[in-house]
Amino acid sequence: MIVALIIACEVGFWVLLALGLAVRYLLKWRRTSVVLLLCEPLLELVLFVATAIDLKNGAEPGWEHGVAALYIGYTVAFGHYTIRWLDGHAAHRLGDAPPPPRPPRHGRARARHETRLWLKAVYGGAVALALLQLAVWYVGDSGDISSLRAFQWAAIRAAGIYGLITLGYWIWPKKAPEGAEEEAGLTTGKEHIRS
């Protein structure tokens with residue numbers, strides 16, 4: 001049941017996002033699009049409540065509960081960023097907006113951009129860790145919590161690996177090709193902070 005709900009929430013996320021952007025830019029119904037996009041967090045709330053009910057009804061904690069926590073953490077951390085990114089592209093393709101700025105590709109600007117994304121991953125991992133810890137306390141000594149603990153370590157490892165990759169952008173920054181300095185100067189502004 002939880003696996004099906006995770007899939008339904010993921011599909012629902014993209015369906016609501018597509019509907020919200022289509023209503024905003026094709027029908028020009030801005031308020032309706034805001035309502036549709038504000039329904040996105042309800043999907044995570046439904047998944048959270050369903051997972052808690054599943055555990056309360058005596059389900060043995062398993063990998064599906066861990067995946068649910070990681071999914072909620074990811075969408076809490078990256079959901080708004082994803083919506084804004086796609087909104088910029090939809091405004092360009094379906095509206096009269098200029099193309100959204102691209103993320104920086106070189107030097108310290110790229111390292112700063114990657115650091116912001118890594119901090120979002122840390123935030124998502126922290127949310128997942130907290131949810132998993134709540135599940136561990138909720139289950140208590142009455143069940144096998146090894147699966148939940150394994151997913152806590154998975155969240156920590158993912159954030160750590162992402163952090164090492166991000167550190168690589170600071171230690172070995174990618175240099176701009178010859179003649180691209182002007183372009184690099186255009187892509188280092190604050191317009192890339194779309195979080």
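Among contacts in the protein chain that join residues at least 6 apart in sequence, 76% link residues at least 24 apart. The model in which these contacts are found is a predicted one. The protein chain contains seven helices and zero strands, and from the N terminus on its elements run α-α-α-α-α-α-α. Its C-alpha atoms fill a box of roughly 65 × 45 × 20 Å, taken along the principal axes. Of the 195 residues in the protein chain, 40% are buried.

The interior may be considered next. The largest nonpolar core has 31 residues, and those that touch the most other members are Ile6, Cys9, Phe13, Leu17, Leu47 and Tyr71. Six helices, α1, α2, α3, α4, α5 and α6 (146-171), each supply at least two residues of this core. The most comes from α1, which gives ten residues. Apart from this core lies another, of five residues, including Ala77, Phe78, Leu117 and Ala121.

Leu17, one of the members of the largest nonpolar core that touch the most others, shows how contacts reach across the sequence. When residues up to four places away in sequence are not counted, Leu17 touches Leu37, Glu40, Ile83 and Leu86. Three of these partners, Leu37, Glu40 and Ile83, return in the description of the largest pocket, where they are listed with Gly79 and His80 as the lining residues closest to the pocket centre.

About 330 Å³ of space lies in that largest pocket. Its lining comprises 15 residues. The helices α1 (2-25), α2 (30-38), α3 (40-56) and α4 (63-94) each supply at least two of the lining residues. The largest share, seven residues, comes from α4. By character, the lining of the largest pocket divides into seven nonpolar, three polar and five charged residues.

The cysteines deserve separate attention. How many disulfides does a search of the whole structure find? The search finds zero. A disulfide is a covalent bond between the sulfur atoms of two cysteines. For Cys9, the closest cysteine sulfur is that of Cys39, and because the distance is 13 Å, the two are too far apart for a bond. The same pairing holds from the other side, since the cysteine sulfur closest to that of Cys39 belongs to Cys9, at 13 Å. The surroundings of the two residues can also be stated. Cys9 counts as buried because its relative accessibility is 2%, a value under the 20% limit for burial. Cys39 counts as partly exposed because its relative accessibility is 26%.

Helix α4 also contains His65. Is His65 buried or exposed? His65 counts as buried, because its relative accessibility is 2%. Leaving out residues up to four places away in sequence, His65 touches Ile2, Thr51, Asp54, Leu55, Ala59, Glu60, Leu132 and Leu148.

Ile2, one of the residues that His65 touches, also serves as a reference point for Arg116. Arg116 and Ile2 are 114 residues apart in sequence, and their C-alpha atoms are 31 Å apart in space. Arg116 lies in helix α5 (residues 107-139). Arg116 counts as partly exposed because its relative accessibility is 26%.

Two loop residues complete the account. Lys28 lies in the loop between α1 and α2. Although Lys28 is not a glycine, it has a positive phi of about 65 degrees. Lys28 counts as exposed because its relative accessibility is 57%, a value over the 50% limit for exposure.

Pro100 is placed in the loop between α4 and α5. Despite this loop position, Pro100 is buried, because its relative accessible area is 16%. Neighbours within four places in sequence aside, Pro100 is in contact with Gly88, His89 and His92. Pro100 and Val11 are 89 residues apart along the chain, and their C-alpha atoms are separated by 25 Å.

Methods. Residues are numbered from 1 along each chain as its sequence is written. This is a predicted model: local features need pLDDT of at least 70, side-chain atom pairs count only at pLDDT 80 or more; totals for chains, interfaces and linings use all residues. Side-chain values use heavy atoms; hydrogens and water are left out. Helices (H or I, at least four residues) and strands (E, at least two) are DSSP runs, numbered from the N terminus. Buried means under 20% relative accessible area, exposed over 50%, partly exposed in between (1.4 Å probe, protein chains only). On a 1 Å grid over the protein atoms alone, a cavity is a set of points where a 1.4 Å probe fits but cannot get out, and a pocket is an open set with protein on both sides within 12 Å along at least five of seven lines; lining residues have an atom within 4 Å of a point. Grid points are joined across faces, edges and corners, and a volume is the space filled by probe spheres set on the points. Ala, Val, Leu, Ile, Met, Phe, Trp, Tyr, Cys and Pro count as nonpolar, Asp, Glu, Lys and Arg as charged, and the others, Gly among them, as polar. A disulfide is a pair of cysteine sulfur atoms within 2.5 Å. Contact means heavy atoms within 4.5 Å. A nonpolar core is a set of buried Ala, Val, Leu, Ile, Met, Phe, Trp, Tyr and Cys residues joined through side-chain atoms within 4.5 Å.
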